[in-house]
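Visitor: I am new to this structure and would like a close look at a single part. Could you take me slowly through the place where protein and DNA meet?

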2 protein chains.
Amino acid sequence: MNKKNVTIKDIARAAGVTHPTVSRALNNHPAISETTRKQIVALAHDMGYVPNATARGLKTNRTRALGAILQRIDDPFWSEVLDGVESVLHSEGYSLIIASTHSEKKREKELLPAMVERGVDGVLLMSPRFREEQCRFLDSYNLPMVMVNNEGVGESRFVILTDDEYGITLLTRHLIDMGHTRIAYLGKRNSASSRNRLAGFRAEMQSARLPVDKKYFYHASAGNPIGGREGAEYLFSLDKPPTAIVCYNDFMAVGVYNFLQENGLRIPEDVSVTGFDNILISSYLYPPLTTFHQYKFELGEGAGRMMMEVLSDQQKNLESPPAKKVILKGILKIRSSTTSPGS
Amino acid sequence: MNKKNVTIKDIARAAGVTHPTVSRALNNHPAISETTRKQIVALAHDMGYVPNATARGLKTNRTRALGAILQRIDDPFWSEVLDGVESVLHSEGYSLIIASTHSEKKREKELLPAMVERGVDGVLLMSPRFREEQCRFLDSYNLPMVMVNNEGVGESRFVILTDDEYGITLLTRHLIDMGHTRIAYLGKRNSASSRNRLAGFRAEMQSARLPVDKKYFYHASAGNPIGGREGAEYLFSLDKPPTAIVCYNDFMAVGVYNFLQENGLRIPEDVSVTGFDNILISSYLYPPLTTFHQYKFELGEGAGRMMMEVLSDQQKNLESPPAKKVILKGILKIRSSTTSPGS
DNA sequence: CTGTTAGCGCGTTCAT
DNA sequence: ATGAACGCGCTAACAG
């Protein structure tokens, strides 16, 4: 029972009609009698027919596949976003093609042409490092792109993101309210969103009339535990270490925890620590991490849906398809990694 | 400068040749003069030509795309494996299409036909729950599949995996050597590899003439911190709780840590804990987790490469393509979450 | 070495 | 409501 390669022609022959009729029956074309449609649909099912997306794509010039470009797949934040994307796409009959840059220039150059070659209908840019050049490239192929948590780039027309400034403000104010004055920001190098969060942090410090000293900023080489540890090491090499550390994300906070605990510093009694994202492990750390919850899955879903709308607009041949921008808030999760200084 | 849709015909026209000649030039066909080839290649470059994979796929019946099916993307173990897969595929000019089942029957049914429809050249099965029915389905379309850490299924011809029994034996023996006798196994329901690990655990216990009591086995609903916490709660509701817990994986151990620490139990003084996988955070936990390192990235790379070989065999029309099986070992990482009981 | 012809599977005109 | 004919972009067969 090898049913490989059943085509609409095979079905047509079996049904005693021609293949356009089969095509119409299978695509709910209006001009077809209900009886033959049912018969053909049943036959197609029996014969194990599976449409050939490649052929359809060649004809329609739409593949129903989307590309997603990110720095790494094995990042707890982005992999959750990806799950959201995949969820929406699957239910819409789209496929998701993923590619990661690993922050290598070479790959960044190669990936976009690869996506064009593959004929994806659109690209989700989840990698912070793309610049205008790359956007123009996609534009030149009329490939829509949706920026996910990646506002920094050019004049993107389609954007969805979590409000970094809102989140960092809540976290910073929380620490200030608890009485902290020497607060460090531990960010990540070469990251637009880390810069945004730092800006929000500084603004909130200033509005509270607290000193902001650059020596309490550190930009680590990676947004993971390795980078977090690296930053903590620096901050605790200072004469007057901070009493609280605002981390770029939860993943880095894990590394900060590691350093502090290894050096006998208690969280939160000696140092308060905050994260960002609320990844799955954050509430299971010891102590549970105070952080800002991002709606990661929903961010992915939203990105997927936004792209669906863009594609639908595009098909309607609107000459000026509306720009789209969605800003998600999030919620402050106060847990046990923060307390008043000196308590 | 909208260079959308430059085809080989366009290039042919510009070069004063016919399109098959362009095709030959671009595909390094032997029968073509070096001069015209160079000219055409240069022209193609200038015109911003990007081949159309869809059209090529229709003709060649090979898409140079692979599907990967897993339960969830946002799992620290699998996302690292995925990164390895993607890395190999990209360098071979293949694309990676991912789909996750979320352990839902409905999706499990839908995903395979979707892959067939999309015309992938092969499928990487990273989801433990596939059964023979699904394998036969893929077989009926001549779609090769590679099982990744997923041996339990039928008579798979292409398999790559980490030696579960080897790993669990090392961990168990490590605990036994330290003097533990009441050791619990905390697994995951409906998981072939969890069953394998349990079997290895039991065997090692028995060979050490230690009692194995079913009440010290628990199979949690999920292989993540939630499941880990669930299991720890159960184990510490027992009259005589274990002095050591062997967890199915590191992710679950995070939940175990959480429960123990919240209840004032010290790791490892009161309870020793081991994981499996050595995910990124494991060495950053407090205390750093004793675990078994799986070569996750390499597992993904190996799976990708194995599929490349299978496809290459398939193209050679070998009537009996050789079966393939790769078993990776791994290494015991003794850290600070284990010690002798009562120390 | 190059051009001619044909066809992959499908959707989409035209007819009827 | 259905059939006949065509073409999407590409590669492969055979001619010359």
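**The surface near DNA strand D**

Guide: A base nitrogen of DNA strand D is 3.1 Å from an N or O atom in the side chain of K59(A), where a polar contact is a pair of N or O atoms within 3.5 Å, and within protein one must be able to donate a hydrogen and the other to accept it, with residues adjacent in sequence counting only if both atoms are side-chain atoms. This is a predicted model, in which local features need pLDDT of at least 70 and side-chain atom pairs count only at pLDDT 80 or more, while totals for chains, interfaces and linings use all residues. Residues are numbered from 1 along each chain as its sequence is written, chains are lettered from A and ligands numbered from 1 in the order in which they are written, and side-chain values use heavy atoms, leaving out hydrogens and water.

From chain B, R24(B) places a polar side-chain atom 3.1 Å from a base nitrogen of DNA strand D, whereas for T18(A) the partner is a phosphate oxygen of the strand, 2.9 Å from a polar side-chain atom. Of the strand's atoms within 4 Å of the protein, 60% belong to sugar or phosphate and the rest to bases.

Around DNA strand D there are 26 residues (each with a heavy atom within 4 Å of it), and T21(A), I8(B), Y49(B), R56(B) and K59(B) come nearest. Helices, which are DSSP runs of H or I with at least four residues, numbered from the N terminus, supply part of this surface: α2 (19-26) and α4 (53-60) of chain A, and α1 (8-15), α2 (19-26) and α4 (53-60) of chain B, each give at least two residues.
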